[in-house]
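Work through the exercises below with the model open. Each task is followed by its solution.

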Amino acid sequence: MNPDTWLATALDEAADPAATGPGGLPLWEVRLAEAGRVCGPAHADAARTALLRAARPGTTALTRVYRHGTAAERRAVLTVLDALVPDNSALPLVEDALRTHDTRLLAAALGPYAARHLGAHAWRHAILKCLFTGVPVSAVHGLPLRAHGDAELARMLGDFADERTAAGRPVPEDLHTVLALTAVRPAVPTAPPTDGARPGAVRGEEN
Amino acid sequence: MRIFDPHIHMTSRTTDDYEAMRAAGVRALVEPAFWLGQPRTSPESFYDYFDALLGWEPFRAAQYGIAHHCALALNPKEAGDPRCAPVLDALPRYLLKDHVVAVGETGYDSMTPAEDHALAHQLTLAHEFGLPALVHTPHRDKLAGLRRTVDVVSESPLAPDRVLLDHLNETTVKEAKDSGAWTGFSIYPDTKMDPHRMVAILQEYGTDKVLVNSAADWGRSDPLLTRTTGEAMLAAGFTEDDVDKVLWRNPVAFYGLSGRLDLDRESPSALHEGNSLLRGGE
């Protein structure tokens, strides 16, 4: 089937959460699984996020889809969390993705939802994990605001740089980028302390 | 030499193996779900494993430019364990996934009624989900097992030309071929088949609908024996086109029956904005 026709039909179907498909599964979940092979790798991510936005699942359904999903489906779920989940109830999905070593999942986990809800300790470790695994920190949503004035993150980055230097290994370039962001610059309005969620401060940051 | 390994258990192999396979010419593979050596005791253990075949292994393979696909099933060795039987009910949601190109491996281990049921049920699932099936033939009582397998296939809604009968050898190849199924051969260092016996079978039966795999797993096995077999074919007078047919075009044709083969994956460097991902295991 033509991918555009397929997607248009699938988006209509997704608006009816009661519709079921093969194996008695919700039809929109079936379409979410099939999207990659129908739409092709270049359009799969966009098709999946569009399906999720059309179906508007709550945290329970998103959690089910994530747990039963392939890596590509999980990335799609992580991408729509900020749009579909108003509170921090989907945080376990972000934490699950941050436990993996799949760099594309790590990057997807560090979108606006994580910027808004992830606690300071987990967020700092996620940044360090990006440096370890080669995920560019440009993928981290809201990095400048969350890193600003974060002395603990600066300490962790410094220790990591020392460890690399002691081993005669290169320090990732991104480490210097993040380290510079942790500095307190008097000209910039000071951000609130970095512990816990900071909804207002981070939500406006688009990068 | 481009190689598609149609049966290899990468979950049991190191990342070094992916690197060596790529260097040897492997560009694509299918990882069928199997037994881990230690029996599983609950369905959830299977689901974590299926998740790995749909998540972590494709990611690892992509680092080396290898297109990873999988076949999913309740494997023959655990099909008789009632603790694992609920996996059959959960399979539909997994069989829908991209890069699931077959039901497998299913088939007989000890030829029990529970295995009869699992095999017949999973052949029916393959038919319902538009997938071919990778059917393991037993290591003990092999010829009787092959015959019973062919009977179950013929009674199933799945056409024989959508079935790959695997782990064949000199004693089972003729009847397997006569059944109309695709024929699979596992090349092992000690057991199953070796490259020279494989060449002799190709000389006698031809290259049509023949797939050669390493079936490498946690046991004594070698993921590069597909390449060794290709070289043995060339040394015996087969052409490069013959080798390409057996090691690439035949597996592409068989698993292509799913309509889900995706051999044109993103290059490793494109996976994440040009950043190298090879350090991911730190």
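**Exercise 1.** In which strand is the place of Glu105(B)? Then describe the peptide bond that leads into Glu105(B).

Solution. Glu105(B) sits in strand 4 (residues 100–107) of chain B. Strands here are DSSP runs of E with at least two residues, helices are runs of H or I with at least four, and both are numbered from the N terminus. The bond from Gly104(B) to Glu105(B) is cis, with omega near -10°. Most peptide bonds are trans, and most residues other than glycine have a negative phi.

This is a predicted model: local features need pLDDT of at least 70, side-chain atom pairs pLDDT 80 or more, while totals for chains, interfaces and linings use all residues. Residues are numbered from 1 along each chain as its sequence is written, chains are lettered from A and ligands numbered from 1 in the order written, and side-chain values use heavy atoms, without hydrogens and water.

**Exercise 2.** Locate His99(B) and Ala215(B) and classify their exposure.

Solution. Start with His99(B), in the loop between helix 4 (87–95) and strand 4 of chain B. Its phi is near 70°, positive in a residue other than glycine. His99(B) has 23% relative accessibility, so it counts as partly exposed (buried is under 20% relative accessible area, exposed over 50%, partly exposed in between; 1.4 Å probe, protein chains only).

Next take Ala215(B), in the loop between strand 8 (210–213) and helix 9 (225–235) of chain B. Ala215(B) also has a positive phi, about 45°. With a relative accessible area of 2%, Ala215(B) is buried.

**Exercise 3.** Describe how helix 5 of chain A packs on helix 6 of chain A.

Solution. Take the geometry of helix 5 (residues 71–84) and helix 6 (residues 91–99): the angle is about 135° and the axes are 10 Å apart. Axes are lines fitted to C-alpha atoms over the stretch in contact, and angles run from 0 to 180 degrees between N-to-C directions. The two helices of chain A are therefore oblique (under 35 degrees is roughly parallel, over 145 roughly antiparallel, 65 to 115 roughly perpendicular, the rest oblique).

Now list the contact (heavy atoms within 4.5 Å). Helix 5 of chain A supplies Arg74(A), Val77(A), Leu78(A) and Leu81(A); helix 6 of chain A supplies Leu93(A), Val94(A), Asp96(A) and Ala97(A).

**Exercise 4.** Which residues does Leu95(B) touch, leaving aside neighbours within four places in sequence?

Solution. The partners of Leu95(B) are Leu72(B), Val100(B), Val103(B), Leu125(B), Phe129(B), Leu131(B) and Arg260(B).
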